Amino acid sequence: MKLWQKDSTATAAGIESFTVGRDREFDLLLAPYDVQGSIAHVTMLGEVGLMTAEEAATAATALREIAVEIEKGSFVLEEGVEDVHSQVELLLTRRIGDTGKKIHSGRSRNDQVAVDIKLFLRAQLLELKNDVRGLFDVLQGQSERFKDVLLPGYTHLQLAMPSSFGLWLGAYAESLADDLLLLATAYEFSNKNPLGSGAGYGSSLPLNRRRTTALLGFSDLHYNSVYAQMSRGKTERFAATALAAIGATVGRLAMDCCLYLNQNFDFISFPSELTTGSSIMPHKKNPDVFELVRGKCNRLQSVPNELALLLGNLPSGYHRELQLTKEIVFPALGELRACLQMTTLMLGQMEVRRDILNEEKYRYAFSVEAVNALVNEGVPFREAYRRVGNDIESGNFRYDTSTELRHTHEGSIGNLCTAEIREVFEKVAARFQD
């Protein structure tokens with residue numbers, strides 16, 4: 001029996017299978033949040049007189065018992081039960097009788113799903129923020145550890161200028177700090193309450209939406225009931241945009257690690273247990289983790305576009321396509337968290353090769369240093385550039401690589417601004433309600 005089903009109607013099995021899709025699979029992830037929303041709702045119903053205080057307290061107690069079962073892993077969607085909302089209401093009614101049937105007063109499955117997704121995403125984005133912090137901390141720690149170790153910088157994948165491991169790793173730390181801005185925005189949008197909007201047009205019942213907002217710990221509510229429903233899908237798109245941005249940063253870092261581990265670069269190394277071998281070539285140490293991170297993060301960047309195509313031409317009001325956002329966004333959250341955690345593990349055990357730039361093949365990386373040395377002596381830049389360029393063309397260019405590089409401006413080899421970047425990160429992180 002469905003929540004919406006009439007006594008005289010039934011749905012054909014094929015139609016039911018097609019319309020339910022993978023909802024039952026993903027609904028299990030929403031179960032604790034469905035109970036959380038229901039506890040807030042019945043508490044409010046008791047306060048506004050749509051349930052007696054005793055009925056509301058009885059329902060809330062039974063719902064907390066169901067929450068414990070969910071936490072223990074004993075909660076299941078029974079055969080023939082359409083979704084998690086139906087299952088929770090069924091269990092509640094079995095325990096407290098007809099009082100359980102009052103739980104749906106002033107509520108539609110539309111706003112029930114909307115609040116479940118808000119609560120789920122809010123919790124997931126908070127966990128994701130912690131995973132981003134974990135990688136950020138490792139990047140900054142390794143940046144400081146290796147800040148005096150030089151490596152070649154490249155443009156167009158051609159040898160360019162001296163860089164350092166500190167500069168390289170610090171760049172990705174700052175990139176994550178900027179990505180966190182998008183994640184914080186997605187979190188703040190998820191932190192608004194749609195409960196009480198019903199099917200999208202409110203209710204004639206005397207609901208107190210500010211009260212459920214407070215009970216659920218939301219920072220605010222979506223005021224307009226139509227827009228509260230329109231936030232469905234939009235909430236997921238905000239989250240997906242943040243996931244894609246973080247994925248782009250982590251995927252690019254993974255590509256660098258694949259290159260730098262290659263024997264022709266040979267800049268970095270990892271313990272053997274973090275790499276994989278070949279079934280035929282005994283010398284191989286393959287960067288499978290970084291290759292998979294790169295691939296997964298590339299896929300993650302398609303998630304906002306997939307949602308845009310799904311949602312782009314929908315008019316206002318609820319539409320069944322919104323059900324499909326779960327199977328797009330929910331797995332993406334798990335994929336990104338796994339990529340962050342594995343990248344953090346790998347980089348925490350990374351070692352770097354020293355004295356790379358002492359090799360003859362990197363001597364032209366110091367051509368700009370030679371130009372700048374002449375400029376510091378008072379030679380006009382264009383003249384200094386011409387002299388060094390002629391030396392390179394004639395094969396006479398030499399540079400003493402033991403000369404200390406004097407890069408002092410903000411964000412250069414000698415001034416990484418690690419503390420300033422952390423300050424930026426922490427300022428954004430403070431927008432999350434732990």
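Begin by selecting helix 9 and helix 11 in this predicted model, and look at how they cross, for the crossing of helix 9 and helix 11 is left-handed. With both helices still selected, compare their directions: they pack at an angle of about 150°, and their axes lie 10 Å apart. Since angles over 145 degrees count as roughly antiparallel, helix 9 and helix 11 are therefore roughly antiparallel to each other.

Next, show the side chains where the two helices meet. On helix 9, select Val 289, Phe 290, Val 293, Lys 296, Cys 297, Arg 299 and Leu 300, which meet a set of residues in helix 11 that includes Ala 332, Glu 335, Leu 336, Cys 339 and Leu 347. If you colour this contact by class, you will find 11 nonpolar, 1 polar and 3 charged residues.

Keep Leu 347 in view and move on to the largest nonpolar core, which has 86 residues and in which Leu 347 is among those with the most contacts, together with Leu 139, Phe 165, Trp 168, Ile 246, Phe 267 and Ile 268. Several helices each supply at least two residues of this core, including helix 2 (23-48), helix 6 (165-190) and helix 8 (225-261), while the largest share, 14 residues, comes from helix 5.

Now centre the view on Phe 267 and, leaving aside its neighbours within four places in sequence, look for its contacts, among them Leu 151, Pro 152, Tyr 154, Phe 165, Tyr 260, Arg 353 and Tyr 362.

Finally, select Ala 31, Met 44, Leu 63 and Ile 103, which are included in a second, separate core of 22 residues.

Technical notes. Residues numbered from 1 in each chain as written. Predicted model: local features only at pLDDT ≥ 70, side-chain atom pairs only at ≥ 80, totals over all residues. Heavy atoms only, no water. Core = buried A, V, L, I, M, F, W, Y, C linked by side-chain atoms within 4.5 Å. Buried < 20%, exposed > 50% of the residue type's maximum accessible area, 1.4 Å probe, protein only. Helix = DSSP H or I, 4+ residues; strand = E, 2+ residues; numbered from the N terminus. Contact = heavy atoms within 4.5 Å. Axes fitted to C-alpha atoms, helices over the stretch in contact; angles between N-to-C directions. Parallel < 35°, antiparallel > 145°, perpendicular 65-115°, else oblique. Left-handed = near helix turned anticlockwise from the far one by under 90°. Nonpolar A, V, L, I, M, F, W, Y, C, P; charged D, E, K, R; others polar.
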